[in-house]
Structures are given as structure tokens and as C-alpha cells.
Amino acid sequence: MIKSGKTLGCFQLESPLVRGVLRKMRTDSIDDTVVAVAVIRPGVGDSVVKDEYILRRGGLRTTRYMHPVLESILGETHGLIIYQEQVLLIAHIVAGFTLAQGDTLRRAMTKTRDPKLMNSMQRQFLQGAEANGVPRKKAVAIWEHLQQFTGFGFNKAHAATYGILAYQTAFLKCYFPVEFMTAVLNNHGGFYGTAVYIEECRRVRIGDRQERIRLLPPDVNASNAEFTTAGTSIRVGLNPVFELSDKSKQRIVAERRKRYFRDLYDFLERTLVGEKEAEHLIRCGALRSLHPSEPLLLMKCRSYFKNARSKTRTEYLTQGLQPAPYTPEMRILSELELLGFGVSGHPLQLYDGFIPWENMTSSQEIEFYKNRRVQFTGWYVTSRLQETVTGKYMKFLSLEDRCGVCEVIFFPEVYAKYADVLRGLGPFTVIGKVQSRIKGEANLIADKVKTWPSPREMMERKRLGRQLDVFG
């Protein structure tokens, strides 16, 4: 699971960068997760060390050592200095430093960089290396190598702590996916927003079975405030419901534990929720266990509040009305607006019949189209702006379709042209060339991008039967 980069939700292993590194490294041990945590840190990750390590670890470049004695120290990192502790050991074995002197060198190189101290340490290092039989020229080269990379060094003890914890969270995701993803959703943290983890739930397999986690909508007769497990399903809690007060959540749960709500009136009388709160609960499906038709519940709710909370008058005014329940698309739209994510399906489902999916390359297939131009459509996940050496900006955009996440790169010229288009959640249709330099890596280099109407506008256009063309 880790080597395939399916680590969304796992501590330290879920950013696009680290998931790409895990795939490229062909990870096969817990030691690899430790190294992965180290090589993507600021410094190492921004240097040539990360790419060089990936190439060597993947067998695409030969591992070389500046001196045979270094293999015992740098073997685990394929001849590269990744950890600060390796500096200490190199000084100890090559130049005969005590471990205390080696640590002084490590601290001098990574923190103070005091010129006098560095000159003194250099003399000691070269003298000690020559005394140990290392030729002067080779000793100078090793010293320069230390100076070059030590500023990027990462503390191995720290990396090991993070790497082991990362491995443990991946273990939980692999073997206890329902419980783990429920905890992730309740954690309110991580690299991505809740909507991304909701979609990840749909993709996670339960054990060796083909069965995937099912998402259940909030339900006043079943939900707690937080997400909860329900067998092989996850029940959405009341917390995500827009503008539902904590007091109302607590009262709903407390009253429900006494006895289940029988109907709309029983719910309104016992919980004392406000009109807007009740409407939001109805629209996101939380009262569906009381009646299957959201439109009828909304009519009764509005009549109830406008008629002094009179059940008798409300029933009289709404008798004979039998509006149909929400369609699957209306459910998704309401969930998106009131929960921030789709429970009944992915938001892109709202665009079926308009977006020509048969012409789109899915996120799962991107890597197979190396150096070819493709079209990809996805929902906004996250983005990052980066200033180039010329002072211009480029954008890294993560887009999600129903299969996974695709990383899209907008170089300065293209970003300057489409910066105004890249606003909101999309969805966005991108035309570009697939870049895949190493197995496991696949980015889409954008040439052109188009945004689609908002989900609500999309629903209105569907109702009116209007057609859309992506690039006209």
C-alpha cells in the first residue's frame, strides 16, 4: 500500500510530494518510510539530494562512494548524506574524531557555520584523515562533500520517530480501514480538507475483499456529533451540518438516546431547533429516516414555524401533498452546500452528460500517457504558488477525479494566462502533456485550462437542457 502511494490520511505520508517519493523509491521496508520522511523535509527536499536518492534507490543510477570506508556509514542511504548523524560517523571513521568532536562538527556545519571554528575543524579533519591513510586529495574531497550536504542534513532520530509513526498509521489504514478513516475524518487536520478524505473512503478496500467503505448521511436517529463507524460503513455526524449549533447537536443526541424520534413534529418539539437548523438538517438528509421526501419535510417545516408551531394547522395546510424525494443529483448538491462534501456521490457526478468523460484521461491512467497530450477534469483539492528565480509565479495544483488525485503544473507563462480562471473549486478541465521522468511519477504540464459552472448553476442548466462545450 505504501509503495503505491495510497497513503492519504497517513501521518507524514500524504502530501503529493511524499506520495510521489514513495512510489519512485519503490518502498519495501519501514526503513524506507524513515528515509522518505527525511528526504522531503525543507533543505533535503529542495536540494539535488532527493532526486539523486530516488534515482539510486530505484536502481536507475549507480551508487558510488567517495572512499570505501564510507560504505559502512552511507550504505543505507545509497552513498548520500541524508542524516546529521552520518556526519558525526564520517568524522569519527575517516578522521579519527571522537564522537564528541564529530558532534561539534555536525553542529558547526548545521547551525553556527562560524568561519574560525570551521577552519579549525577542517585542519583537524584533514590531519586526522591523512593519519588514517586517506590521501590528502581524497580527504579534501570528502570534507567538501560534507560541507555541501550537511546544511541539508536531517536528524535521523527525528526521522525515525516520524517514520515509524507514519508506518503505524499506514498499518492501521491497511488493516482497520473503517476505524482509521473514521478517526481521520474526526481529526479535522491533515494535509487535505474533509472532502478529500471522504472520497478516499470510497476508494479504500476493506481487507482482501472488493468491498469498499460505504458512507451514510447524517441521521438524527443514528448520528452522534462526530463521524462514527457502522459495520463496514461510516456514518456522517452532525458536526459538518452548516449552521447547526453545538447546543442543538447536544440536544438531538441526548433526546435520541432517550428514544428515537417518531416523526418531524416529535423531532421539532423535543429538540427545539430553529427553523434554519431544521431546514439544513432536512436538506442534507438527516431527517430521511422520519420521511423519505425532503421537499415534503421542508414544506411541513416551513408551515410549522410560520403557524406558531401548530402541528394541527401544518397537517391541514399540507394534506394531500406528495412531492417526490430528491433525485440523487439533488442530494449531492444539497450535501455539497450544507456539509462541504458529497455523501451520496462525488460532486463530479453532477456534470455527467455535460463533461465528455470518454475523452478524459483518469488520474489512474495518467502515468501510461508519458509524453502525450491528454485532457483531465478534476475537482480542486489544494494548490501551491511558487516564485521562480525570474520573479514570476508558477502554480502546483492538485485535482481530484473519481479515481484519485492528479498533480498539475502551471509554468509561469501558462499560469499568467489562466490565473483568473483558476479560482474556486472548479471543476477544471486541463489540456496538457504528461511528464513522467521516473516510474511512479506522473505530472500533467498544463497548456490550457477551462472551468465549469458551479454545481447549482450546472443543475439549473441541466433542468433547462442547455449543453456546454469545454473549449468551444
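This short talk covers the salt bridges and one nonpolar surface patch of the structure shown above.

Good morning, colleagues. Please bear in mind throughout that this is a predicted model.

I begin with charge pairing. As a general point, side chains of opposite charge can pair when their charged atoms come close. Over the whole structure, the search returns 27 salt bridges. I shall present three individual pairs and then a network.

The pair to consider at the outset is aspartate 32 with arginine 57, whose closest N and O atoms are 2.8 Å apart. This salt bridge links distant parts of the chain: aspartate 32 belongs to helix 2, residues 30–39, while arginine 57 belongs to helix 3, residues 48–57, and the two are 25 residues apart. Are these two residues, aspartate 32 and arginine 57, buried or exposed? Both of them are buried.

I turn next to glutamate 275 and lysine 306, whose side chains form a salt bridge at 3.7 Å, N to O. Here too the partners come from distant parts of the chain, with glutamate 275 in helix 14, residues 275–283, and lysine 306 in helix 15, residues 294–306, a separation of 31 residues. Glutamate 275 has a relative accessibility of 27% and therefore counts as partly exposed. Lysine 306 has a relative accessible area of 63%, so this residue is exposed.

The next pair involves strands. Aspartate 447 and arginine 373 meet through their side chains in a salt bridge of 2.3 Å, N to O. Because aspartate 447 lies in strand 8, residues 443–451, and arginine 373 in strand 4, residues 373–387, the pair ties together parts that are 74 residues apart in sequence. With a relative accessible area of 35%, aspartate 447 is partly exposed. Arginine 373, at 56% relative accessibility, counts as exposed.

Beyond these pairs, which residues are linked in a network of salt bridges? The members are Glu255, Lys258, Arg262, Asp266 and Arg270.

Finally, I leave charge aside and come to the nonpolar surface. Phe171, Leu172, Tyr175 and Phe176 make a nonpolar surface patch of about 420 Å². Within this group, I draw your attention to phenylalanine 176, which is placed in the loop between helix 9, 156–175, and helix 10, 177–187. Its relative accessible area is 41%, so phenylalanine 176 is partly exposed.

To close, I return to two items: the buried pair of aspartate 32 and arginine 57, and the patch that includes phenylalanine 176. Thank you for your attention.

Notes:
Residues numbered from 1 in each chain as written. Predicted model: local features only at pLDDT ≥ 70, side-chain atom pairs only at ≥ 80, totals over all residues. Heavy atoms only, no water. Salt bridge = Lys/Arg side-chain N within 4 Å of Asp/Glu carboxyl O. Helix = DSSP H or I, 4+ residues; strand = E, 2+ residues; numbered from the N terminus. Buried < 20%, exposed > 50% of the residue type's maximum accessible area, 1.4 Å probe, protein only. Patch = residues over 30% accessible without salt bridge, like charges linked within 9 Å, V, L, I, M, F, W, Y side chains within 5 Å. Areas by Shrake-Rupley, 256 points an atom, 1.4 Å probe, with all protein chains shown as cover.
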